[in-house]
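Hi there,

Here is the structure I promised to pass on to you. Have a look at it first, and my notes follow underneath.

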Amino acid sequence: MDGQLLPVLVLLLGASGLCEQGLGPGGPLEEPPEEKPPEEKPPEEKPPEEKPSEEEPLEEDRVLVLSQQTLGQALQEHPALLVEFYAPWCGHCRALAPEYRKAAALLAAESARVTLAKVDGPAEPELAEEFAVTEYPTLKFFRDGNRTHPEEYTGPREAKGIAEWLRRRVGPSARRLEDEEDARALMDAQDVVVVGFFQDLQDRDVATFLGLAQDALDMTFGLTDRPQLFQKFGLTKDTVVLFKKYDEGRADFPVDKELGLDQGDLSRFLLTHSMHLVTEYSSETSSKIFAARILNHLLLFVNQTLDAHRELLPGFREAAPHFRGQVLFVVVDVGADNDHVLQYFGLKAQEAPTLRFINVETTKKYAPEHGAAVTAATITDFCRTVLGGGIKPYRLSQEVPPDWDQRPVKTLVGKNFEQVAFDETKNVFIKFYAPWCAHCKEMAPAWEELAEKYRDHEDIVIAELDATANELEAFPVHGFPTLKYFPAGPGRKVIDYKGARDLETFSKFLDSGGELPAEEPAEVPGATFPKPENTTEPRDEKPGNTTEPRDEL
């Protein structure tokens, strides 16, 4: 499913991003500066009195600077130690650095028993190898000096999130509730509160609950075994209750005494029921839209500045409860900065108000009858018909431009793709791109040069297709740019191009009939379709759900 989700996730989510080892400061296609072994490049000599002890870790802005010589001592002295492995040339590492320092300052201000540290991975290759660091930044959390089994950091990349992730590991992840006053104080302070009601706090289900609470940083957790609180909230058996200040106000997850508490099931329940019945799409909500893992999304496109459009919202909300957990209801304001969402569905702002349904696993899109009214009844009927298989999906295709073959780079759309790509007299090299993709923009000059170089070769066609506006059933595109070679002859043969994106390598590929020399690199990074903002950091561009595309960082 993950591969299928990519196209929807980049458009709506964006990219996730880490710097892989081997990627250098000039971007994903360049190699990092050559690293010399320490013995070949010794540090500058300093007078003995000015040289810090090899056994004493350095410190910068409350962040320890560690090396092969000082990591052991740091593990002994700091029972809770978060270590960032970074590379000086890594853009993601540079973006993380100020947030990492802020997190260290936040934790120091509250005297938290946790320490932040960093290691220059390229300068400390033995440590990078010991801890299997293959991309930057990589963060690992060490407890009680245990060097062999650190925990992978899975939290946010901003200061408050880093600090909260650590607090929930060195302190309780759920607050103990002793009476009704404790419960009310917790619920009044937050919009969403999750309380575990367990008759025996030594039960293994409690450990499962607390383990989930460690990572669900956007929710506040409480825990109780008090009979008066069971009675107050009408409970007779172990139950996890999500309290919220909107929609139904409360959702109960009873614990199965035979099977116990399943963390995966509970996580999905909390994600589903913490979502508003109707969510307005924005950069802030896009990540939650996809984290809910509800595969079916119904989008209502409206202009929020128009009274007639706003009057449709109550009917949309009225229909939503019937599909809780099955269909996610999303409002997209065409008057806001959501052009990428409109483009993904082949819509123009003038077509609002209108509905679109998408399954983000298959990326199949559905539309109601043209001109259909938008009411609670028609929305309910439309959803049920799609879910029941009564409506066929539509695919996007632009009209064929009159001058599609006049430039060196030929312009393909869904309607002329088959005719050109499978012309048995031509060798056709096609770039599938997204207009917003930074990788695509970077390689555009090389692609133009390639087309110019081979423009007089009658049997070679260099073409491009905007894959966000033209969908091909036989060739789903999950990353940008995607390059495919269609050699002349029968059989509809297709070769995926995975070499370097420069004129010289492209030319070698064409001249050899669709083969790369053995010494060429096997893979280069690409961007994927659009996903909502921030789930972690971008590694390359990754596509989105009903949301927004991001260039790689």
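Let me begin with helix α18 (residues 503-511), whose buried residues are Thr-505, Phe-506, Ser-507, Phe-509 and Leu-510. Before you read on, please keep in mind that this is a predicted model. The cover over those buried residues of α18 includes the strands β20 (427-433), β21 (460-466), β22 (482-486) and β23 (495-496), along with helix α17 (438-453). Both ends of this helix are worth a click. At the N-terminal end, Asp-502 acts as the cap of α18, with a side-chain oxygen 3.2 Å from the backbone nitrogen of Glu-504. After the helix comes Gly-513, which has a positive phi, near 75 degrees.

For the overall picture, the protein chain has 553 residues, and 49% of them count as buried. It contains 18 helices and 23 strands. If you take the contacts between residues at least 6 apart in sequence, 72% of them join residues at least 24 apart.

Next, two helix pairs. Two packed helices are described by the angle between their axes and the distance between the axes, and I have used that description here.

The pair α4 (residues 91-109) and α6 (residues 159-170) packs at about 50 degrees, and the axes are 8 Å apart. That angle makes α4 oblique to α6. The crossing of α4 with α6 is right-handed. On the α4 side, the contact is made by Leu-96, Glu-99, Tyr-100, Lys-102, Ala-103, Leu-106 and Leu-107, and on the α6 side by Ala-159, Lys-160, Ile-162, Ala-163, Leu-166 and Arg-167. Sorted by class, the contact of α4 with α6 holds nine nonpolar residues, four charged ones and no polar ones.

The pair α8 (residues 204-215) and α10 (residues 263-274) also has an angle of about 50 degrees, with 10 Å between the axes. These two helices are therefore oblique to each other, and their crossing is right-handed. Thr-208, Phe-209, Gly-211 and Leu-212 of α8 meet Gln-263, Leu-266, Ser-267 and Leu-270 of α10. In the contact of α8 with α10 there are four nonpolar and four polar residues, and no charged ones.

Now to the loop between β12 (239-244) and β13 (250-254), where Lys-245 sits. Which residues does Lys-245 touch, not counting those up to four places away in sequence? They are Met-187, Asp-188, Ala-189, Gln-190 and Asp-191. One polar contact belongs to this set: the side chain of Lys-245 reaches the backbone oxygen of Gln-190 at 3.4 Å. The C-alpha atom of Lys-245 is also 9.3 Å from that of Val-193, although the two residues are 52 apart along the chain. Lys-245 counts as partly exposed because its relative accessibility is 48%.

The loop between β12 and β13 also holds Asp-247. Phi of Asp-247 is positive, near 50 degrees, in a residue other than glycine. At 40% relative accessibility, Asp-247 counts as partly exposed.

That brings me to backbone geometry, which you may want to check before setting anything up. Most residues other than glycine have a negative phi, and most peptide bonds are trans. Besides Asp-247, a positive phi turns up at Thr-363, near 65 degrees. Thr-363 is in the loop between β17 and β18 (364-366). Is Thr-363 buried or exposed? Thr-363 counts as buried, because its relative accessibility is 17% and the cut-off for buried is under 20%.

Please also look at two cis peptide bonds. One runs from Ala-352 to Pro-353, with omega near 5 degrees, and Pro-353 is in the loop between α14 (339-344) and β17 (354-359). Another joins Phe-480 and Pro-481, with omega about -15 degrees. Pro-481 lies in the loop between β21 and β22, two of the strands that help cover the buried residues of α18.

Lastly, a histidine. His-297 is part of strand β15 (residues 296-302), and it is buried, with a relative accessible area of 0%. A polar atom of the His-297 side chain lies 2.9 Å from the backbone oxygen of Ile-294.

Happy to talk it through whenever suits you.

Best wishes

Key
Residues numbered from 1 in each chain as written. Predicted model: local features only at pLDDT ≥ 70, side-chain atom pairs only at ≥ 80, totals over all residues. Heavy atoms only, no water. Axes fitted to C-alpha atoms, helices over the stretch in contact; angles between N-to-C directions. Helix = DSSP H or I, 4+ residues; strand = E, 2+ residues; numbered from the N terminus. Parallel < 35°, antiparallel > 145°, perpendicular 65-115°, else oblique. Left-handed = near helix turned anticlockwise from the far one by under 90°. Contact = heavy atoms within 4.5 Å. Nonpolar A, V, L, I, M, F, W, Y, C, P; charged D, E, K, R; others polar. Buried < 20%, exposed > 50% of the residue type's maximum accessible area, 1.4 Å probe, protein only. Polar contact = N/O pair within 3.5 Å; in protein donor to acceptor, adjacent residues only side chain to side chain.
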